[in-house]
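Visitor: I've got this protein on my screen and I'd love a quick tour. Can you take my questions as they come?

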Amino acid sequence: MEYEAKAWQEAEGPCLRGFDEAEALSSVNGALALRPQIEAIIDKIWEEGFDGIYFIGIGGTYASSLQVEVYMRGRSALPVYVENAAEFLTTGNRRFTERSVVIYSSVSGNTKEMVQMVDKARAIGARVFAFIDTPGSTLTRPEKQDYLVLYPKNEQLKFYMVANYLMYKNGEFPDYDRYNREMEAHLARALADVEIAADAWAYRCAERKASEVRARPDLPHYFIGSGNQYGAAYSYAMCYWEEQMWIRTKSISCQEFFHGMQEIIVSDTPVTLFIGEDEQRPLAERVARFLPKVCANYTVIDTREFPLAGISEEFRGSISHLVMHAVNNRMDAYMERFLRHPLSIRRYYRQFEY
């Protein structure tokens, strides 16, 4: 029987599968255009005062919260914390008061733990600043937050826009205006160019990784990163390879790699190392020096290899997680193709009560 399977019958070789350049540019530029709205919200929060800023998430949004917290930790004296929503519900935090501020993001706007977290924070009297992707969802109801920004995707970018303005307000980001001029003029194009440049490599890498998965479905794939790349590695392993592709993974920080994980690396262990350009880059470079000594199946993705036209050297580290995300977008497109597994389907997640 002859039939067409258009989703999979594509030309051999890299083809920028699933990449819509116009949409990619519009999406990032649209997020950057939120800056006046974000600044106005932060101005109100600043005027009212606060005893702590809490980035709270679950799953991928928790990973984004880790990224923004580590970004601010070495740059700002502001009381900024990160919480996992499920832990916050069970353990709480004695530092969290009616003068605290919650900042969070939700794609669906109805994730169970996030709804419960918001209700708890509101009951305490804290202010809530929400980024929601989905209009009309539970978390967009007026009683669920004090401040709401509705815009899809670009979660990490939106969080960093908040962080940058907070640091500017606190006298810790003197180059804020120059930084934003560069991002608003060049970031969208730079990230699109990363996807285009990474496409051929991603095709070859995905073909190899898919073959490994088919040959050894029981073997975990290891993802390693530090700084804002730890959140990237954590999220990519869990939300993409595990949740979307059903591949066993483990993620670990570069700083912890040498305290256990290094002992289980052998010649054929599949390892992917993310190297960014923030202050924790030396931790990743140490792992990169070690891997070739014991492993013949490692992959290193280094954001420094991409030119990022128009972005100053000193600002590259603040967006290296976005560069990594652009590279991984290409990997996802070809992993889906070679695995013959649509990334939109789930076995268990949201399929029944648990």
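Visitor: At which residue does H7 bend?

Guide: Keep in mind that this is a predicted model. Start with the length: a straight helix of 40 residues would span 58 Å, yet H7 (residues 176-215) spans only 50 Å between its end C-alpha atoms. The helix also has a bend of about 50°, and the place to look for that bend is His186.

Visitor: Which strands stand at the edges of the sheet?

Guide: Okay, line up the five strands of this open sheet: the order is E2-E1-E3-E4-E5, with parallel pairing. An edge strand has a single partner strand, so one side of it is left without a neighbour in the sheet. That description fits E2 (80-84) and E5 (147-150).

Visitor: What is the bridge partner of Phe55 in E3?

Guide: Strand E1 covers residues 52-57 and pairs with E3, residues 100-106. The two run in the parallel sense over four bridges. Across in E3, the partner of Phe55 is Ile103.

Visitor: Which strands does helix H5 touch?

Guide: H5 takes in residues 112-124 and packs on the sheet. Its direction makes about 165° with that of E3. The strands it touches are E1, E3 and E4.

Visitor: Which elements give two or more residues to the lining of the largest cavity?

Guide: There are two cavities of 30 Å³ or more, and the largest has a volume of about 100 Å³. It is lined by 16 residues, with Leu157, Tyr160, Met161, Asn164 and Tyr179 the closest to its centre. The elements you're after are H6 (155-169), H7 and H11 (320-339).

Note on methods:
Residues are numbered from 1 along each chain as its sequence is written. This is a predicted model: local features need pLDDT of at least 70, side-chain atom pairs count only at pLDDT 80 or more; totals for chains, interfaces and linings use all residues. Side-chain values use heavy atoms; hydrogens and water are left out. The expected span of a helix is 1.5 Å times one less than its number of residues. The bend at a residue is the angle between axes fitted to the seven residues ending there and the seven starting there. Two strands pair if DSSP finds at least two bridges between them. Contact means heavy atoms within 4.5 Å. Axes are lines fitted to C-alpha atoms, for helices over the stretch in contact, and angles run from 0 to 180 degrees between N-to-C directions. On a 1 Å grid over the protein atoms alone, a cavity is a set of points where a 1.4 Å probe fits but cannot get out, and a pocket is an open set with protein on both sides within 12 Å along at least five of seven lines; lining residues have an atom within 4 Å of a point. Grid points are joined across faces, edges and corners, and a volume is the space filled by probe spheres set on the points.
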